[in-house]
Structure formats: structure tokens, C-alpha cells
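Hi,

Here's the structure I promised to pass on. Have a look at it first, and my notes on its cavities follow below.

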Amino acid sequence: MKNKENLLIIMFASAYLSISVFTGVLILLLLYELYLIIKRQIKLNGHLKLPLFMIITPSILSSAIYGKPHEIIGALNQTFFNITYFAKDLFTPSYELFRKVNYTIVLFCSIEAVVTIYNYSKGLEKPIWGGVFEIGIIFALGSLSSFTLFLLEKDIKKKILFFMLFILFTFLVFVTGKRNPILGILASYVVYFLILLKMSNISKKWIYGMISVFLILSIGGTYYAVQKFPKYKLLFEFVFQGKELTEEQLNEFSSSRWEIGKKGIEVIKKDVENGNILPLLIGHGYAAGERLDPPSPVGRSYESIFLISELINIGLIGLIGIMFLMYRFFKFTITVKLSEFNQIVGLPFLVFPAYFLVGGIFSGMWDAILPLYFLMFGIAENYYSAIKQG
């Protein structure tokens, strides 16, 4: 395949503009990848290899055994498509590749920002497609890319532009008022700044200055979210005033996850009491919340805390796989040490899985565009692995 770099540009452009087009491009990539795997031209390797298979295998098996035939498609979309990670070896990681992708992301995030702000003015919380959670995901990565280009750019006018876009994109994440995007972007920047702090050839005072700017944005954004969503005031009253919360207030603060979690625990308890070993190991599959008793109040999954929801969906094997993936991801990223400043160009893609791993604690690790983010992490992993090896 020639011009592989252009494929990444096309995938990001389609991901922001049309989920249908993106899905079509993704399936074509997956078919090509599977062909190369069969021909043994792509090796199944990488830090996330074992945990990904620990997640994918029980997901497919449980959906095939316990689910309806059409639910297999949902399982493929939710877990199997993440094998795009192994297509990382199709691409040669380089400064120019990451720079082009960062520019692409900032360009399309700028378009998305115009649409999102316009929609907000009309009382709608949505970007070009999707809903409020897509706003968080889109602009969290846009924030990381614009921040990186701001740090790298030498032209003062472009530097100011990227800095302003960084502020805008970051604030749009907090405007969602959603717990997952806020936790996700905070986690991504914590990893990003940890890597910067380990660099020996840049001023620590300068890095602390950048951290301060992000903290000011985060505090301002959090204040806006608290004012916009009264449910957050309940958290502050609980943490700082020691006020006891009723179940109704817990449900209000947790967006009904308290009630959903209780239903999920009932399902797990029944499996244990009835000795349902196989579903405890591999889960009940995709859309289990619609088939089990008691059913999930929100339908397909018991979306509460991932320890409950993932144990029901993909079982103990899958749940251990997710925790193992967290371990492998954070172990690799926080040990990355850069020797040259321009090597930060790939950091947005290296750290971005933290958005889903931390932000997804209360909703599960899934998004329609996640396969692309895993692919980009894989390319960044190859880039920084080569740096580690000297």
C-alpha cells in the first residue's frame, strides 16, 4: 500500500466528518490487515498484544454463545476492531508523520469547534456527528495536538494561534460537564507532563509554567461545569462538608450509575450462587443488559463502574485483560524518556489511551473511533521504543 501516511489523514478526516465513511475506511483497513496477518507480513506484537486478546476473545465467545446473531456485530465493533493496533508496523513512525497527523487533527477540530459552538448557541450539545461524549473525545485529542504544535512551532504568529486553539479545545472538553471527558483529559495531561518532566535538557520552571496554565484552565473549566450541573455540588458537599447523600442524590450525582451498579451486582450474585462458571469467566456478551434478570435500566450494558459492567460483559478473563492493559500502557508510557525536544511530536498519540482507561472507569473503554486511537498509539509505541533502544 503506497502513501500510507495519507491513509491516516483520510481516517482522521472521515472520523471527524462522517462516522459512516470512517467505518467503511476502517473495515477496508481491517480486511487488508487480516490479509497481511494471514500472509505473515504483519506480526502480532507490541506491549498491548496479550491484554487486547484477553479482552477480544471472551467478548466474541460470550456474544456467540449467549447473544443473538446480530449482536456479534456489536461485539466486533466494541472489541475486535481494536486489532487495528497490530497494523502499526505498516507505518514508519517519524517526526513528519506525527506532525502531519497533528496538523490534520487541529484543522478538523477547528471545523468541529465552529459547528459545536453554533450548536451550543441553538441549545444542542453535539459536534458534526454524535453527542456530548464525542465533544469530549474530539477536543481532548485536539487539545493535546494543538498544545504539542504550540511547543514545537517557532513562528510566533503560529505559536500564538496554536496556544489559543489549545485553550479553546481544552475548555470545550470541560464545557461538556461530563465526568468521563474531564477525568480523561486530566489523565492524558498528567502522563504528558510526567514525560516532559523527565527531560534533562529543558527548564523545569518552564514546564511548571505550562502545568500551571493547564491547571488554571482545568480549574476554570471545572468551575463552569459545577455551575452548569448542580449535581457536582453534591460531591463538594459530600467531600468538604461531610454531608451524607441519599440514594436519590447518589443516583443524581452518578447519572443513575448507582442504581445500574446495584442491578449489575444482582446479576453477578446470581451467577455465583448458581455456579455459572462459564459466564463468570467469559461474560454474557454484548447487549447482556437486555437479556439478563434484572435487566439494566439503560439497556445493553450495566454501565456503572467498569469492575461491574465489564465482569458481566466479558467476564473475569476480560476484566483482568482490561486491568492488564492499563498496567502495560502506563508502565510503557511513564518510562519513555526523550533525548531531543522535537520528539514530543508523537506524545498526543502515546498518552491519549489514558483518556479511555481513566475516563472509562465509569462507562467502559469504548468509542467508535477507538480503533484509530489504538493504531496511533501503536505507531507512537514503535517510535518511542526505538528511542528507548537508542
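Helix H14 (306-333) and helix H16 (353-359) each put at least two residues into the lining of the second largest cavity. H14 is the main contributor there, giving four residues. This is a predicted model, by the way, so please read everything here as computed from it.

The full lining of that second largest cavity is Phe306, Glu310, Ile322, Met326, Phe356, Leu357, Gly360, Ile361, Gly364 and Met365. Sorted by class, that makes seven nonpolar, two polar and one charged residues. The space inside comes to about 50 Å³.

How many cavities of 30 Å³ or more does the structure hold? The count is three. The largest cavity has a volume of about 60 Å³, and two helices, H1 (4-17) and H6 (132-152), are the elements that give two or more residues to its lining. H6 has the largest share, with three residues.

If you want to pull up that site in your viewer, the residues lining the largest cavity are Ala15, Tyr16, Trp129, Glu134, Ile137, Ile138, Asp367, Ile369 and Tyr373. Here the split is seven nonpolar, no polar and two charged.

So much for the cavities. Shout if anything looks odd on your side.

Cheers

Note on methods:
Residues are numbered from 1 along each chain as its sequence is written. This is a predicted model: local features need pLDDT of at least 70, side-chain atom pairs count only at pLDDT 80 or more; totals for chains, interfaces and linings use all residues. Side-chain values use heavy atoms; hydrogens and water are left out. On a 1 Å grid over the protein atoms alone, a cavity is a set of points where a 1.4 Å probe fits but cannot get out, and a pocket is an open set with protein on both sides within 12 Å along at least five of seven lines; lining residues have an atom within 4 Å of a point. Grid points are joined across faces, edges and corners, and a volume is the space filled by probe spheres set on the points. Ala, Val, Leu, Ile, Met, Phe, Trp, Tyr, Cys and Pro count as nonpolar, Asp, Glu, Lys and Arg as charged, and the others, Gly among them, as polar.
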